[in-house]
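Work through the following exercises with the sequence and the model side by side, and try each task before you read its solution.

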Amino acid sequence: MINVLFVCVHNAGRSQLAAGLAEAIGGGRLSVASAGTEPEDHVSDVVIGSLAEVGVDWTGRTPTRLTRQAVEAADVVVALKPSLVLPQVDGVRYETWPLPDAAGWDLDGIRPLREHLRERIESLASSSTPTTP
């Protein structure tokens, strides 16, 4: 099992969308968490709706603040915005997937982002190997 942490600023849009998709399509290969450097109070309704369209129930999820402990528990940390300041931990692989901020988008607008993330996550799941015991 590969432990993946998706990180963005508010943990209300991009990272939640990625986490929901990864949890659904990881096929037991991924253990998923998400966090934000400055988390909002709630997950975007559009993200919840977009995940529901592909059969993922993401209701009741709440944004989480990024901690060093979350990074230490990860094999792979995926920053969904360039230039995020992340704790650096030996043995953790860091990737940056620069994505547009989906704040204010509607369901029609977010669908292409969701499909792009699906492809990236499928690739990650099939090519990664765990680095932590």
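The exercises below concern a predicted model, and each task is followed by a solution in steps.

**Exercise 1. The sheet**

Task: Determine in which order the four strands form the sheet, and which strands lie at its edges.

Solution: Begin with the order of the strands, which is β2-β1-β3-β4 in an open sheet with parallel pairing. Next, look for strands that pair on one side only, and you will find that these edge strands are β2 and β4, the latter made of residues 93-96. Finally, follow the sheet from one strand to the next, where the twist averages 20°.

**Exercise 2. One pair of strands and its helix**

Task: Describe how β1 and β2 are joined, and find the handedness of the unit that they make with helix α1.

Solution: First locate strand β1 at residues 2-8 and strand β2 at residues 30-36, which run parallel and are joined by seven bridges. Two positions help you to line them up, since V4 stands opposite V32 of β2, while V7 has A35 as its bridge partner in β2. Then add helix α1, residues 14-25, and the three elements β1, α1 and β2 together give a β-α-β unit that is right-handed.

**Exercise 3. A serine in the helix**

Task: Decide whether S15 is buried or exposed, and list what S15 contacts beyond its neighbours in sequence.

Solution: Start by placing S15, which belongs to helix α1. The relative accessible area of S15 is 0%, and because a residue under 20% is classed as buried, S15 is buried. Leaving aside neighbours within four places in sequence, the contacts of S15 are F6, V7, C8, S34, A35 and L80.

**Exercise 4. Two helix pairs**

Task: Work out how α4 packs against α1 and against α2, giving the angle and the axis distance for each pair.

Solution: Take α1 and α4 (residues 107-127) to begin with, whose axes are 9 Å apart and meet at an angle of about 50°. Angles from 65 to 115 degrees count as roughly perpendicular and those under 35 as roughly parallel, and α1 and α4 are therefore oblique to each other. The crossing of α1 past α4 is right-handed. On the α1 side the contact is made by R14, L17, A18, L21, A22 and I25, and on the α4 side by I110, L113, R114, L117, R118, I121 and E122.

Now turn to helix α2, residues 45-53, which packs with α4 at an angle of about 65°, with the axes 10 Å apart. The crossing of α2 and α4 is right-handed, and the contact involves V46, V47, G49, S50 and E53 of α2 together with L107, I110, R111 and R114 of α4.

**Exercise 5. Two residues with positive phi**

Task: For N11 and for S83, state the phi value, the loop in which the residue lies, and whether the residue is buried or exposed.

Solution: Consider N11, which is not a glycine and yet has a positive phi of about 50°. N11 is part of the loop between β1 and α1, and with a relative accessibility of 0% N11 counts as buried.

Then consider S83, another residue other than glycine, with a positive phi near 70°. S83 lies in the loop between β3 and β4, and with a relative accessible area of 72% S83 is exposed, because exposed means over 50%.

Methods
Residues are numbered from 1 along each chain as its sequence is written. This is a predicted model: local features need pLDDT of at least 70, side-chain atom pairs count only at pLDDT 80 or more; totals for chains, interfaces and linings use all residues. Side-chain values use heavy atoms; hydrogens and water are left out. Two strands pair if DSSP finds at least two bridges between them. A crossover is right-handed if, with the strands pointing away from the viewer, the path from the first strand over the helix to the second runs clockwise. Buried means under 20% relative accessible area, exposed over 50%, partly exposed in between (1.4 Å probe, protein chains only). Contact means heavy atoms within 4.5 Å. Axes are lines fitted to C-alpha atoms, for helices over the stretch in contact, and angles run from 0 to 180 degrees between N-to-C directions. Angles under 35 degrees count as roughly parallel, over 145 as roughly antiparallel, 65 to 115 as roughly perpendicular and the rest as oblique. A crossing is left-handed if the near helix is turned anticlockwise from the far one by less than a right angle, and right-handed if clockwise.
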